[in-house]
Amino acid sequence: MIEWLKNSPERLKDSPERLKDSPERLKNGPEQPRARLLLAHGAGAPMDSEFMQVMAEGLCALGVDVWRFEFPYMAERRQTGKKRPPSPAPQLLDSFREAIGEARSELPDRPWFIGGKSMGGRMATMLADEVETEGVVCLGYPFHPPGKPEKTRIEHLFELTRPCLIVQGIRDPLGSQSEVEAYALPERFQWCWLEDGDHDFRPRVKSGYRQADHWHSAQVAAANFMAATMAGRIE
């Protein structure tokens, strides 16, 4: 079993050593967590990217125990320094299942949420019912590939029964608000729309919004969603 290592600034500094020596698991844990979240990275950036780091630290500050893991293709990229595309979905799902099993073995009988950035969130929605998680947190869901709105990735969402929060930039090129609203997804989905945000929740300068503020809004929305779900009510 791979040890889940406590996050530390020294381990996550930008340096050549970090790319080869960073652990395959990370966790940010408050002293008295009100929820626990297993968070997966997106297709192109690792578990300790700026986005993932900010989300984990911010959620931890809000009382969420955040555990992160790396899909094998990204771990290989970390070791070799060579970029490679994500593995096929069945392999990603197997890796996610393994991470869930490891997390639950360390904290048995504790409720868990799962989620992720982009691709990681999509994989979480595909597993949520199977692994009987408390709910799902998606940070920028990839509703379709860039520039290909006709190739939607939403079929399984209509069957999802677990509570699910999707935090999405209004002008996300992988699923804008106008596109997503046209899908007519079930009303049980919870939404946090970020004004003028893109796939990384980055607004344009002229909008008057800041990415840091959108990141914080995403953290608050996710923490509140998990707390409400744990309390048996979705607000």
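Leucine 165 stands opposite glutamine 190 of strand E8. The description that follows concerns a predicted model. Strand E8 covers residues 190–194, and its pairing with E7 is parallel, with 5 bridges. Between E7 and E8 the chain passes through helix H6, residues 177–182, in a β-α-β crossover that is right-handed.

Helix H6 also contains glutamate 179. This residue has a relative accessible area of 25% and is therefore partly exposed, since the buried class ends at 20%. Leaving aside residues up to four places away in sequence, the contacts of glutamate 179 are His144, Pro149 and Asp172. Histidine 144 is 35 residues from glutamate 179 along the chain, and their C-alpha atoms are separated by 10.0 Å.

The chain as a whole comprises 7 helices and 8 strands. It has 235 residues, of which 51% count as buried. When contacts between residues at least 6 apart in sequence are considered, 69% of them join residues at least 24 apart.

The largest nonpolar core holds 35 residues, and the members that touch the most others are Leu38, Phe71, Phe96, Ile114 and Phe143. Two or more residues of this core come from each of strands E3 (35–40), E4 (64–69), E6 (136–139) and E7 (164–169), and likewise from helices H3 (72–80), H4 (89–106) and H5 (119–131). Another core, of 25 residues, lies apart from it and has Met55, Val167, Ala218 and Ala223 among its members.

Two of the helices that contribute to the largest core, H3 and H5, can be described further. In H3 the buried residues are Tyr73, Met74, Ala75, Arg77 and Arg78. Glycine 81, just after H3, has a positive phi of about 80 degrees.

Helix H5 is made up of 13 residues. From the first C-alpha to the last it reaches 18 Å, close to the 18 Å expected at 1.5 Å a residue. A kink of about 30 degrees is nevertheless present in H5, with its centre on threonine 125. Threonine 125 is also one of the buried residues of this helix, together with Met119, Gly120, Gly121, Met123, Ala124, Leu127, Ala128 and Val131. The cover over the buried residues of H5 includes strands E3, E5 (113–117), E6 and E7, as well as helices H3 and H4. After H5 comes glutamate 132, which has a positive phi, near 55 degrees.

Helix H7 spans residues 211–230, and methionine 230 belongs to it. With a relative accessible area of 37%, methionine 230 is partly exposed, because this class lies between the limits of 20% for buried and 50% for exposed residues. Apart from residues up to four places away in sequence, methionine 230 touches Arg34, Pro111, Phe113 and Glu134. Of these contacts, glutamate 134 is 96 residues away from methionine 230 in sequence, while the C-alpha atoms of the two are 7.6 Å apart in space.

How values were computed. Residues numbered from 1 in each chain as written. Predicted model: local features only at pLDDT ≥ 70, side-chain atom pairs only at ≥ 80, totals over all residues. Heavy atoms only, no water. Core = buried A, V, L, I, M, F, W, Y, C linked by side-chain atoms within 4.5 Å. Buried < 20%, exposed > 50% of the residue type's maximum accessible area, 1.4 Å probe, protein only. Helix = DSSP H or I, 4+ residues; strand = E, 2+ residues; numbered from the N terminus. Pairing = 2+ DSSP bridges. Right-handed = clockwise from strand over helix to strand, strands pointing away. Expected span 1.5 Å × (residues − 1). Bend = angle between axes of the 7 residues up to and from the residue. Contact = heavy atoms within 4.5 Å.
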